[in-house]
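Student: Could you take me through how the helices pack here, and then look closely at some aromatic pairs and a few single residues? I'd like it as one connected walk, cut-offs included.

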Amino acid sequence: MSPVPRTQAYDGPPLFSYGFRPFFLGGSLFAGFAVLAWLPAYFGEISLPTAYPALDWHIHEMIYGYGAAAVAGFTLTAIPNWTGRLPLAGGRLIGLAALWLAGRLAMACSAWIGAIPAAAVDLAFLALLILFCARELGHGGQSHNRKVVAALAILWLGDLVFHVEAIARGYADAGVRLGLAALIALIMLIGGRIIPSFTRNWLARMNPGALPAPPDRWDMAAIVVAALALAGWVAAPNAGVVGWALIVAAIAQAARLARWRGWRAWRDRLVLVLHAAYLFIPLGFALTGLAALGLAPESAGLHAWAIGAIGGMTIAVMSRAALGHTGRALVASPAAQAVYALVFGAALARVYAALAPEHGFVALHVAAFAWIAAFLLFAVAYWRVFTGPKL
């Protein structure tokens, strides 16, 4: 995601000069503070003014709150590079960011304003983002990139299903799986482009030799297998055939990752973290497959995906894109490396909490505090990057 060579005539606050700035900064702050509020709410120590159970509110806000912000920051930054059109900035960007924030406030205060009005505000953000992305890709003749819009549409549909389920019967089920599946699909699509590309660029300069395999039919077959397994999981998460399909997808995604030769670029932490985050994709498939076969708890695979893959990949992309698009050197600072370690530590601790319930209380707290520390540290470390002028 290299910077687009065209800029808008914009002389306002740097924070609203490009899409990645408000959404990456706002998303990271929200990710930290939302879990900080959820943990005592989950254990009944405080009460949140939300119409949803504390666990459902937490799940929704991590997928459709933080996840949607990270996706918005990426798409609003990548699409101008794909199309050559001007990026969203100024008043329109402020309005879109305000709508995302309004959705978070509406969900948090849904017990006061009502679940249906809160759902309407929440759903409006992704709908507007989809319309903008579809328009820009349509003008840019980017038919091959419209898969991103399709994934966003699935994410919006998952959000809609979540609200319908929660309002109609008091808890969400398929809406959770559909949202996770959409985000995992986006990571497989976008990760399949940027991870081997960034790895190849670094190896060509610093460590000549074997390079990542280019995208080919095998790579596409691995995505198709994974997509079918995810579709089966959304529809019938406990079916035996779905369990085996998920395990096959895990093997295919692990082989795909191995073809990118990340171990050869371990010295570049900005590259290494992308491979480490993607490793949680096959791990999540394997654990979710075992859960479908009755051999593991479902939450183990869900959190391998949610924290390790989604949390790890978004923080990796946010840190790299923020540096590159503000004219800074592509080097992971000690603070950034600490953030990476904290996110992956949170993922491993949360998976362990699911697999070893006798240690669940402690492991859950370790995971939560590691996640909180990671995202708040990221916001502090990158504050001037997001709010300051481009160098």
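Tutor: Let's start with α2 and α11, whose crossing is left-handed (the near helix is turned anticlockwise from the far one by less than a right angle; clockwise would make it right-handed). Keep in mind that this is a predicted model, where local features need pLDDT of at least 70 and side-chain atom pairs count only at pLDDT 80 or more, while totals for chains, interfaces and linings use all residues. Numbering runs from 1 along each chain as its sequence is written, and side-chain values use heavy atoms, with hydrogens and water left out.

Helix α2 covers residues 54-83 and helix α11 residues 298-325; their axes come within 11 Å and cross at roughly 40 degrees. Helices here are DSSP runs (H or I, at least four residues; strands are E, at least two), numbered from the N terminus. The axes are lines fitted to C-alpha atoms, for helices over the stretch in contact, and angles run from 0 to 180 degrees between N-to-C directions. That makes α2 and α11 oblique to each other, the label left over once angles under 35 degrees are called roughly parallel, over 145 roughly antiparallel and 65 to 115 roughly perpendicular.

Who makes the contact (heavy atoms within 4.5 Å)? From α2 come Y66, A70, F74, T77 and N81, and from α11 come T314, I315, V317, M318 and H325. By class, the α2-α11 contact holds 6 nonpolar, 4 polar and no charged residues. Nonpolar covers Ala, Val, Leu, Ile, Met, Phe, Trp, Tyr, Cys and Pro, charged covers Asp, Glu, Lys and Arg, and the others, Gly among them, are polar.

Now follow α11 to another partner, α10. These two pack at about 165 degrees with axes 8 Å apart, so α10 is roughly antiparallel to α11. The contact of α10 with α11 has 21 nonpolar, 6 polar and 2 charged residues. The crossing of α10 past α11 is left-handed.

Helix α10 also packs on α9, with an angle of about 165 degrees and axes 7 Å apart. So α9 and α10 are roughly antiparallel to each other, and α9 passes α10 in a left-handed crossing. Contributions from α9 include G243, L246, I247 and A249, with H275, Y278, L279 and I281 among those from α10. The tally for the α9-α10 contact is 14 nonpolar, 5 polar and 1 charged.

On to the rings. Rings of Phe, Tyr and Trp (its six-membered ring) pair when their centres lie within 6.5 Å; planes under 30 degrees apart are stacked, over 60 edge-to-face, and the rest tilted. That rule gives 23 aromatic pairs. One of them, F20 with F386, is tilted, at 6.3 Å centre to centre and 55 degrees between the planes. F20 sits in helix α1 (residues 20-42) and F386 in helix α14 (residues 383-387), so the pair links distant parts of the chain, 366 residues apart. F20 is buried at 0% relative accessibility, and F386 is buried with a relative accessible area of 0%. For burial, read buried as under 20% relative accessible area, exposed as over 50% and partly exposed as in between (1.4 Å probe, protein chains only). W260 and Y278 make an edge-to-face pair, 5.0 Å centre to centre with 70 degrees between the planes. W260 lies in the loop between α9 (240-258) and α10 (269-292), and Y278 in α10, so this pair ties together parts 18 residues apart in sequence. Both W260 and Y278 are buried. Back at F20 and F386, ring pairs join them with Y18, F24, F378 and Y382 into a cluster.

Last, some single residues. In helix α12 (residues 334-355) there is A335, partly exposed at a relative accessible area of 25%. Beyond four places in sequence, A335 touches L377 and A381. A354 lies in α12 too, but counts as buried at 12% relative accessibility. Setting aside neighbours within four places, A354 is in contact with P297, S299 and A300. Finally, R104 in helix α3 (residues 91-108) is buried, with a relative accessible area of 4%. Apart from residues up to four places away, R104 touches F30, H60, E61, Y64, G65 and D122.

Definitions and conventions. Contact means heavy atoms within 4.5 Å.
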